[in-house]
Amino acid sequence: MDQVIEFLNLRRVNQPHQQAIEEAINRVVASGWYIQGRETQLFEEEFAAYCEVGYCVGVGNGLDALSLILRGYGIGKGDEVIVPSHTFIATWLAVSHTGATPVSVEVDPVTFNLDPLALEAAVTPQTRAIIAVHLYGQPADMGAICTIAQRHSIKVIEDAAQAHGARYRGKRTGSLGDAAAFSFYPGKNLGALGDGGAITTNDTALASRCRMLGNYGSSVKYRHEMVGVNSRLDEIQAAVLRAKLPHLDAENARRRSLAAVYTEALQGAVAVAPNISAGVEPVWHLYVIKSSRRESLIQRLQSKDIGYMVHYPLACHLQGTYVGATWPASPVACSLQDVVLSLPIAPYLTEDEVRCVAGVVRDHNA
């Protein structure tokens, strides 16, 4: 094979937006206003409109977005928050940061998202919220999750860090629960040039509290009404995101097209392609297959100069920070950690490159 196919090349991701990004950065530098200025205000308005909600609050990163939502709802020590067993650890850490207890619930072995059938049994009188992760860019089953939450009067928080622009039954992620957390880490579908995050909601009071909490607990300079933190989306990152947001839908459409090429090319292969639930429109932040021969497949990909990643190689309850606590059995999460493998998917890839990757996977598992 003559060509290297990287798992992700951020230079290629941003190259189509190079001029707009440079103009955005220069605009901020020339303004002399670098924190909580016009660019952040405009991005918040534009992203709220994009997500079809009333409010967006820019914050420092996706983990802070989750933590601030939980704190904004007064969730803390003595409370429980339901989280999926298979997710990036930030979902769990956000709960721990508030002093509340994460309660692990198994995921569906087909979609990898929170399993509503396992959810209700985990609700206790101490349960204050459910964090529904739209893993890999596919929305969770929000209809079933919200029905259970309403029955028990608990909040539903979307972890939409991998799902910018996805839809569930026609509605955007970010508008499906009580509030949502986004990350703008550079590799996301809508990525900044550094860390960044946002909270979206239709809850006026929550938006106000989260904005105060992220600004040292202050809404008026040098007047601090609560114990806050410093977590604000800075002007340069907001300007960069504004430059890229108008192109997000087109780039997501390109991801869907490439995912379809993968899925067609992998038909009949031993490796299992992702399953998409009815009524959802994923944005394919990741294209994740399952392979019982993952280690030898990885070696094969390496020999062909094809990039890959494992999302995620160790379940959250097995991570050092959570070892020692008593967790419910998580056979699905433990099985997934041994078989999942992420293949390259990005708007700049060609269909020939995707078919090449799929061919290596298919031939290896033949």
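Strand 14 (residues 340-343) is a good place to start: V340 and S342 point one way from it, L341 and L343 point the other way, and all are buried. Strand 14 runs antiparallel to strand 13 (residues 287-290), and four bridges join the two. This is a predicted model, and the points below go from this strand pair to the rest of the chain.

**Strand pairing**

- Within the pair formed by strands 13 and 14, K290 has V340 as its bridge partner in strand 14. V340 is also one of the buried residues of strand 14, pointing the way S342 does.
- Elsewhere, an open sheet is built from three strands in the order 7-6-12, with antiparallel pairing. The edges are held by strand 7 (171-172) and strand 12 (280-281); each has a single partner strand, so one side of each has no neighbour in the sheet.
- Strand 6 (residues 167-168) pairs with strand 12 over two bridges, in the antiparallel sense. One residue to look up here is R167, whose bridge partner in strand 12 is E281.

**Helix 5 and its cover**

- Which residues of helix 5 (residues 90-98) are buried? They are A90, T91, W92, A94, V95 and T98.
- The cover over these buried residues includes one helix, helix 4 (62-72), along with strand 2 (80-84), strand 3 (101-105), strand 4 and strand 5.
- Just after helix 5 comes G99, with a positive phi of about 95°.

**Two buried loop residues**

- V123 sits in the loop between helix 6 (116-119) and strand 4 (127-133). Is V123 buried or exposed? V123 is buried, as its relative accessible area is 16%, and the cut-off for buried is under 20%.
- Leaving out residues up to four places away in sequence, V123 touches I82, H152 and I154. The C-alpha atoms of V123 and E80 are separated by 8.8 Å, while the two residues are 43 residues apart along the chain.
- T111 belongs to the loop between strand 3 and helix 6. T111 is likewise buried, with a relative accessible area of 14%.
- Which residues are in contact with T111, once its neighbours within four places in sequence are set aside? They are Q138, N275 and S277.

**Backbone features worth a look**

- As background, most residues other than glycine have a negative phi, and most peptide bonds are trans. The residues below are the ones to check with that in mind.
- S153 is not a glycine, yet its phi is positive, at about 55°. S153 is in the loop between helix 7 (142-152) and strand 5 (155-159), and with a relative accessible area of 69% it is exposed.
- D305, a residue other than glycine, also has a positive phi, near 60°. D305 is located in the loop between helix 11 and helix 12. D305 is partly exposed, with a relative accessible area of 40%.
- Where is the peptide bond that is cis, with omega near 15°? The bond runs from H311 to Y312. Y312 is found in the loop between helix 11 (294-303) and helix 12 (331-336).

**The chain as a whole**

- How many helices and strands does the protein chain have? There are 13 helices and 14 strands.
- A compact globule of 366 residues would have a radius of gyration near 21 Å, and the protein chain, with 20 Å, agrees with that. Taken along the principal axes, the C-alpha atoms fill a box of roughly 65 × 55 × 40 Å.
- Of the 366 residues, 55% count as buried. Among contacts between residues at least 6 apart in sequence, 71% join residues at least 24 apart.
- The protein chain has an accessible surface of about 15,500 Å², and carbon and sulfur atoms account for 52% of that surface.
- As for charge, the protein chain carries 31 positive and 36 negative side chains. The centres of these two sets lie 2 Å apart.

Note on methods
Residues are numbered from 1 along each chain as its sequence is written. This is a predicted model: local features need pLDDT of at least 70, side-chain atom pairs count only at pLDDT 80 or more; totals for chains, interfaces and linings use all residues. Side-chain values use heavy atoms; hydrogens and water are left out. The radius of gyration is taken over C-alpha atoms; the globule rule is 2.2 Å times the number of residues to the power 0.38. Buried means under 20% relative accessible area, exposed over 50%, partly exposed in between (1.4 Å probe, protein chains only). Contact means heavy atoms within 4.5 Å. Accessible areas come from the Shrake-Rupley method with a 1.4 Å probe; for residues, only the protein chains shown count as cover. Lys and Arg count as positive and Asp and Glu as negative; His and the chain ends are not counted. The place of a charge is taken as NZ of Lys, CZ of Arg, CG of Asp or CD of Glu. Two strands pair if DSSP finds at least two bridges between them.
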